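Reader: I am a first-year student, and I would like a close look at one part of this protein. Please take the smaller details slowly and explain the terms as you go.

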Amino acid sequence: MSFLSSFFKKESSVLGIDIGSSAIKVVQIKKKRGRAVLETYGELALGPYAGIEVGRAASVPADKIIEAIKDILRESKTTTGLCGVALPLSSSLISFISIPPVPEKQMAEVIAIEARKYIPVPLNEVLLDWSVIPKEDSYVNEEESVKPEKQGSDVLVVAIHNQYINDYQNIMAGSGLQPSFYEIEIFSSIRAVVDQGISTVMIVDMGARSTKLYIVERGILRASHIINKGSQDITLALSKAMSITVNEAENMKRTYGLKGGPEYRELTEIITVNLDYIFYEANASLLNYQKKFAKNVSKIILTGGGVLLKGFTDLAKISFQTNVVYADPFGKLETPAFLTEEFAQAGPEFAVAIGVALRRLSELE
Ligand SMILES: Nc1ncnc2c1ncn2[C@@H]1O[C@H](COP(=O)(O)OP(=O)(O)OP(=O)(O)O)[C@@H](O)[C@H]1O
Ligand SMILES: [Mg+2]
């Protein structure tokens, strides 16, 4: 291979990095004949880097995160440092504000003034980003709709503390990676799992520490909510109730899930109680949204490692009065055909990392 071709090969590949509370996920993709092609991907549990079990949310010091990133990049045989990075929803403050009709030029100023009411720290301590939510009627009939200047606007405002970005920048530099952006994981998930269209959907991301809910309308985030219960809570409850180690409980959860049959009645009950709590909260959010905006949520898209639990979708289908599907972010990529089944299985866990990688790839165009 000539120097030039290896140079180009390297340059056209990009990484998506997702540092979750319990595991790091990486995905490497490249562009080929206009399609995003999967090159490699991998996952690494963070627990062991903080002296706790796999599957649990870990509080890992920066130097250990760097070590973990280097390990996963090596294990997955990635070949580039070009990447984008997802930031946890918990690192940000997301608000939806309404602003009065103002000329375009003054928009930023007015948004900053309004946003100050929602952001509990001085604005110079945060990175502030915002986007105006397009008016619905402008989709239906552009000409007859009232001009935005006369109507006022709804604006999505995202604030991230500078300290958070600084910490991430140090971790990325220490890992030898060159990120071109950091984005809140919500936007990565939306890119990876929501199809274009006008329907309203709810993404449920069940991670280790928490379960995150995003309501997305016409591809745009309209509401988000964090439920402080994740998949690790099932494991910890099992360990306690059944007097088994956390590792044993984690294995049992992953091996049998809700499909253990009569011998595993206690396991089934404990999982069900925990999931019922999450579904109840999610339903409340959903109904609240439907009432407030007079919109029907037509589909629930399941993401995050927690939804891999056996029998999860069956229970979710009973709990939600709407269509429930497993996220298929690998479906946005070209993947080896013989592994289709494996990708369908792993999909929900890699939604964030794939969404990040897709954005980084689009930057190359
Ligand atoms: N096959 C499985 N069955 C049941 N649970 C599983 C399975 N695989 C993974 N999990 C659980 O999923 C959780 C990890 O999911 P994920 O990787 O999405 O979390 P995370 O991104 O690290 O966390 P968060 O999004 O809360 O920061 C762990 O608690 C793990 O026990
Ligand atoms: Mg996650």
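Author: What follows looks at domain 2, its sheet and its contact with domain 1.

The model is predicted: local features need pLDDT of at least 70, side-chain atom pairs count only at pLDDT 80 or more, and totals for chains, interfaces and linings use all residues. Residues are numbered from 1 along each chain as its sequence is written, while chains are lettered from A and ligands numbered from 1 in the order in which they are written.

The protein is divided into domain 1 (3–91 + 162–362) and domain 2 (92–158); these bounds come from an automatic or database domain assignment. Between the C-alpha centres of domain 1 and domain 2 there are 29 Å.

Now to the sheet. Strands E5, E7 and E6, in that order, form an open sheet of 3 strands with antiparallel pairing. Helices (H or I, at least four residues) and strands (E, at least two) are DSSP runs, numbered from the N terminus. Two strands pair if DSSP finds at least two bridges between them. E5 (92–99) and E6 (126–132) are the edge strands, each pairing on one side only. On average, neighbouring strands of this sheet are turned by 20 degrees against each other, direction ignored. Axes here are lines fitted to C-alpha atoms, for helices over the stretch in contact, and angles run from 0 to 180 degrees between N-to-C directions.

E5 is joined to E7 (residues 153–161) by 8 bridges, and the two run antiparallel. Ser92 has Ile160 in E7 as its bridge partner. Helix H3 (residues 107–116) packs on the sheet and touches E5, E6 and E7. The direction of H3 makes about 120 degrees with that of E5. Two residues are in contact if their C-beta atoms, placed from the backbone, lie within 7 Å. Helix H6 also lies across E6 and E7, running at about 55 degrees to E7.

Last comes the contact between the domains, which takes 9 residues from domain 1 and 8 residues from domain 2. On the side of domain 1 that touches domain 2, the elements giving two or more residues are helix H6 (162–174) and strand E11 (220–227). E11 gives the largest share of that side, 3 residues. By class, this side of domain 1 has 6 nonpolar, 3 polar and no charged residues. Ala, Val, Leu, Ile, Met, Phe, Trp, Tyr, Cys and Pro count as nonpolar, Asp, Glu, Lys and Arg as charged, and the others, Gly among them, as polar.
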